[in-house]
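Please open the model in your viewer and keep the sequence panel at hand. The tour proceeds from one selection to the next.

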Amino acid sequence: MKAISGIKPTGRITLGNYLGSLKHFKEYQNKYTPYIFVADIHALTLPIDPNEIRERTYDLLSYYLASGLDINKTVLFKQSDILEVGQLNSIIINFIYMGELSRMTQFKQKSALLNQEAIGVGLFTYPVLMAADLYLYDCDVCPVGEDQVQHVELAREIERRFNKRYQTNILKTPKAIVSKTGSRIKSLSDPTKKMSKSDDEHSKGVIYMDDDLNVVRKKIMSAVTDMDSKVFYDPINKPGISNLMEIYACLKNISIEQVDDLFKQCARYGDFKKEVADCLISEMQVLQERFKYYRNNKKYLDEIFEKNAGIARKSAQTILNKVEKVVGLK
Ligand code: AQP
């Protein structure tokens, strides 16, 4: 059994990326062979400095390793090293309608921030490229944060249409797996909004995994909460405190109900926030040390990319070859 997932090298990794995806990847290593990539082609969907992509690509691989991914169990690679993804993208793009792409929540949110004339076609077709990534490694599951589930479902629609047209079962969409906790981390300053890498870098609402640990404590302690002082889970009426409970549950690997139980006697939000900050800081400290170790060894990172590109490409070539034959290109 195989699992696939990736992250875009588009900015500093946030606590949302960490709890929604990174932290869970290593749990899959014992059950699946994970194919985890740096989604560098996807990074081009909005204007970005070339050096930013290059440097963030190394950052991401270092985070993958720092979070416990083992190179003997996981195929860690760069999306752009697999040329087959472009070719498959060009083929399957004919199996999706503009109406369907325009209904994607992420497209609506990101394009709403742009001038109509400046909405790139790549931003619009982002889920098609993602579908190509999902098919090429013959994977069974796809661990993602909640915001990406809609894209996986779209890939399933492309699969259904393609396989029906050619009476085949070549395309296979892995099942989206959303972890019980951590899959929808919100901004600490506006807990109705997703925490994102592309938020204002000076926002107090986003925790970056490379933040100074004193800054992390300040951000948690000043997280927006309601006027009440009771700690219990109610994402509608108490989004701020519920977000902190979600963060704590995911860090401790316990359920929201257990967090409810632990803190129901807690008389002050400040005490609860301090617990969350302590727990987060001790996890981040280890991650940051490990990150530094890998990030300073570019040669080792390049070797990993090179070796794994070969492994990933082998699978990609097999699938693409079958697709090209069935549609008449071979
Ligand atoms: N706030 C979040 N809570 C839980 N999971 C999250 N993810 C992102 N934000 C949260 C998950 O992180 C993985 C990688 O994301 P990505 O970089 O490929 O794209 P994204 O979802 O668009 O992430 P960002 O941080 O919002 O990046 P920008 O601002 O560049 O678009 C995915 O599994 C995602 O679900």
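How many Å is an oxygen atom of the ligand from an N or O atom in the side chain of Lys8? Select the ligand together with Lys8: the distance is 3.0 Å. Please bear in mind throughout that this is a predicted model.

**The ligand and its shell**

Keep the ligand selected and add Asp147, where an N or O atom of the side chain is 2.5 Å from a ligand oxygen atom. Next add Gly145; here a backbone N or O atom lies 3.0 Å from an oxygen atom of the ligand. Taken alone, the ligand exposes 640 Å², of which the protein buries 97%.

Now display the whole shell. It consists of 23 residues surrounding the ligand, and the closest are Lys110, Asp147, Ser196, Lys197 and Ser198. Colour the shell by class, and four nonpolar, 13 polar and six charged residues will appear. Strand E1 (2-7), helix H1 (15-28) and helix H5 each supply at least two residues of this shell. The largest share, four residues, comes from H1.

**Helix H1: Asn17**

Move to Asn17, which lies in helix H1. Is Asn17 buried or exposed? Its relative accessibility is 18%, below the 20% limit, so Asn17 counts as buried. Beyond its neighbours within four places in sequence, Asn17 is in contact with Leu22 and Lys197. Lys197 has already appeared on this tour, among the closest residues to the ligand.

**Helix H5**

Select residues 105-112, which form helix H5, and highlight the buried residues Gln106, Phe107 and Ser111. Turn the view to look down the axis of H5: the buried residues fall within an arc of 115°, so they line one face of the helix. On the face turned away from this buried side, select Gln109 and Ala112, which are exposed.

What covers the buried residues of H5? Display helix H4 (98-102), helix H6 (121-124), helix H7 (126-136) and helix H8 (149-165), which are included in the cover.

**The loop at Ile254**

Finally, go to the loop between helix H10 (239-252) and helix H11 (256-263), where Ile254 has its place. Which residues does Ile254 touch, not counting those up to four places away in sequence? Select Thr181, Tyr248, Ala249, Val259 and Leu262 to show these contacts. As a last step, select Phe232 along with Ile254: the two are 22 residues apart in sequence and 15 Å apart in space, C-alpha to C-alpha.

Conventions
Residues numbered from 1 in each chain as written. Predicted model: local features only at pLDDT ≥ 70, side-chain atom pairs only at ≥ 80, totals over all residues. Heavy atoms only, no water. Buried < 20%, exposed > 50% of the residue type's maximum accessible area, 1.4 Å probe, protein only. Arc of directions from axis to C-beta. Contact = heavy atoms within 4.5 Å. Near = heavy atom within 4 Å. Polar contact = N/O pair within 3.5 Å; in protein donor to acceptor, adjacent residues only side chain to side chain. Areas by Shrake-Rupley, 256 points an atom, 1.4 Å probe, with all protein chains shown as cover. Nonpolar A, V, L, I, M, F, W, Y, C, P; charged D, E, K, R; others polar.
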